[in-house]
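Me: I've got a model open and I'd like to check some of the labels people put on it. Can you walk me through the reasoning behind them?

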Amino acid sequence: MSDRTNNNNIAPLKYTFYTNTKDIPAIDWSFINLKNNIFLSLPYLKALEDTLSETIQFRYILFYQDKTPVGFATAQLIKFNPSLLNFQEFPCKISDTIKKKLINNIDVKVLVCGNMFSCGEHGFVYNTSQVSSKLAFKSLSDALREIRKSENSTKPSFILLKEFWPDSYDHSDYIKEFDFREFKIDVNMVLQLDPKWTTFEDYINSMRTKFRTRTKKVLKKSKDVAVKNFTAEDIATYTDQIDRLYLSVIDKADFKIGKLNASTFKSLKDTLQETFIFKGYFIEQKLVGFMTAFFTDNLIDANHIGIDYDYNKSHAIYQKMLYDYVDLAITKNADELRLGRTAEIIKSCVGAKPVEMKLYVRHGNSISNTLLKPLIELISPSEYEIRNPFKLRVE
């Protein structure tokens with residue numbers, strides 16, 4: 001733990017670093033997390049820390065104005081080899097120029113402010129009634145650069161802030177005044193729930209004929225798939241199968257770093273109980289898939305999945321999971337279902353719509369950071385197609 005004061009002539013914020021959740025003053029942290037963002041809650045962060053600290057270093061920052069807590073941030077120090085990236089599945093279009101430059105930077109260390117395991121604004125929160133956005137993001141920049149400098153071994157090459165929703169751009173763009181470069185990534189597919197949907201049948205009936213037929217076809221193909229709500233004990237029982245199924249999906253994903261595992265899922269279930277949902281998918285008592293979700297603040301955040309691809313096509317497992325996410329959101333009376341990036345067409349077929357997201361990056365070296373700008377300009381979101389399954393557009 002260390003304490004620093006940034007140099008701002010308006011109203012300097014003090015910030016304190018922590019490397020372990022047990023050292024964080026819970027009262028101060030909760031004072032900031034008024035919306036109870038589950039991905040920023042200490043129990044959630046502790047679950048990640050307890051099961052992933054061998055591969056990821058965790059950092060936490062509390063910001064104070066005088067003695068009043070006014071903000072906090074979470075960050076992870078990660079190391080990866082760019083040659084392990086699956087550029088075909090990367091969450092944005094990347095030119096061959098960038099690929100070559102990345103491949104030449106073996107074992108890149110990155111300081112990530114945000115959550116490596118969930119899309120969204122899960123890295124930085126501040127009290128907007130007490131602190132201006134400019135001061136808040138200046139303080140964040142100062143603190144993250146201080147963390148980078150404090151690394152005694154290999155210093156992170158990049159500082160990355162991920163990811164911000166469009167309605168936050170007016171605030172988050174202040175980080176660009178402190179030498180961060182913005183770039184867009186692939187859209188997040190989000191379904192706004194119609195208040196008239198009180199049952200899954202209501203949802204199906206709101207579809208146009210073509211998509212209603214498609215949905216029923218998926219349900220017919222998957223009729224022999226049994227779904228079970230898992231307890232923490234169930235997760236422990238099926239540990240090996242869960243890890244295998246999860247890796248089968250991760251191997252197709254953009255990053256092959258920061259993987260969760262069954263022990264993390266068990267810890268999340270133990271800690272978060274009904275807030276964390278884990279469903280197992282069985283065919284003749286064989287576990288062939290699982291899906292996870294978080295329910296918080298009237299929304300369902302679809303999270304990690306695992307699939308046995310030998311059964312996926314014949315039993316429409318992935319498509320069934322998407323409809324199960326919708327059913328879950330209706331059952332929980334949620335306002336919104338966030339399905340994440342990739343597979344835009346199939347997610348739009350269940351009613352999700354694209355929402356753009358923005359990241360910010362800064363190179364640790366000022367000269368390299370200047371050279372970063374033309375490279376960032378070569379990054380753009382991947383192209384995609386969407387469908388509208390509803391008779392009337394759902395707003």
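Reply: Sure, we'll take the labels in turn, keeping in mind that this is a predicted model.

Me: What makes Thr21 count as buried?

Reply: Its relative accessible area is 7%, and the label applies under 20%, so Thr21 qualifies. As for where Thr21 sits, that's the loop between β2 (14–18) and α1 (26–32). Leaving out residues up to four places away in sequence, Thr21 touches Leu42, Leu45, Lys46, Glu49 and Tyr60.

Me: Why are the rings of Phe278 and Phe290 called stacked?

Reply: Two checks here. The ring centres are 5.0 Å apart, and pairing asks for centres within 6.5 Å, so they pair. The planes are at 15°, and stacked means under 30 degrees, so that's the label they get. Phe278 and Phe290 are both buried, too.

Me: How do you know that the pair ties together separate parts of the chain?

Reply: Phe278 belongs to strand β10 (residues 276–283) and Phe290 to strand β11 (residues 286–296), so the pair links parts 12 residues apart in sequence. A search of the whole structure turns up 29 aromatic pairs. Ring pairs also join up a cluster that includes Phe39, Tyr44, Phe265, Phe278, Phe290 and Phe294.

Me: What makes Lys358 and Tyr169 a case of a charge over a ring?

Reply: The charged end of Lys358 is 4.0 Å from the centre of the Tyr169 ring. The distance limit is 6 Å, so that part is met. The Lys358 end is also listed as sitting over the ring, a label that calls for a position within 35 degrees of the ring normal.

Me: Which residues touch the most other members of the largest nonpolar core?

Reply: Trp29, Tyr44, Ile242, Phe265, Phe278 and Phe294, out of 50 residues in that core. Helix α2 (residues 42–52) gives the largest share, 6 residues. Apart from this core lies another, of 41 residues, among them Ala293, Val326, Leu328 and Ala329. In soluble globular proteins, nonpolar side chains tend to be buried together.

Me: And what does Tyr44 contact, beyond its neighbours within four places in sequence?

Reply: Tyr44 is in contact with Ile38, Phe39, Asn115, Phe117, Leu268, Leu272 and Phe294.

Me: Why is the empty spot lined by Cys113 and Glu121 called a cavity?

Reply: Because a 1.4 Å probe fits there but cannot get out. This is the largest cavity, about 40 Å³ in volume, and the search found 2 cavities of 30 Å³ or more. Its lining also includes His122, Phe124 and Lys162, and strand β7 (residues 158–164) supplies the largest share, 3 residues.

Key:
Residues numbered from 1 in each chain as written. Predicted model: local features only at pLDDT ≥ 70, side-chain atom pairs only at ≥ 80, totals over all residues. Heavy atoms only, no water. Core = buried A, V, L, I, M, F, W, Y, C linked by side-chain atoms within 4.5 Å. Buried < 20%, exposed > 50% of the residue type's maximum accessible area, 1.4 Å probe, protein only. Helix = DSSP H or I, 4+ residues; strand = E, 2+ residues; numbered from the N terminus. Contact = heavy atoms within 4.5 Å. Phe/Tyr/Trp six-rings, centres within 6.5 Å; stacked < 30°, edge-to-face > 60°. 1 Å grid on protein atoms, 1.4 Å probe; cavity = no way out; pocket = protein on both sides within 12 Å on 5 of 7 lines; lining within 4 Å. Points joined across faces, edges and corners; volume = space filled by probe spheres on them.
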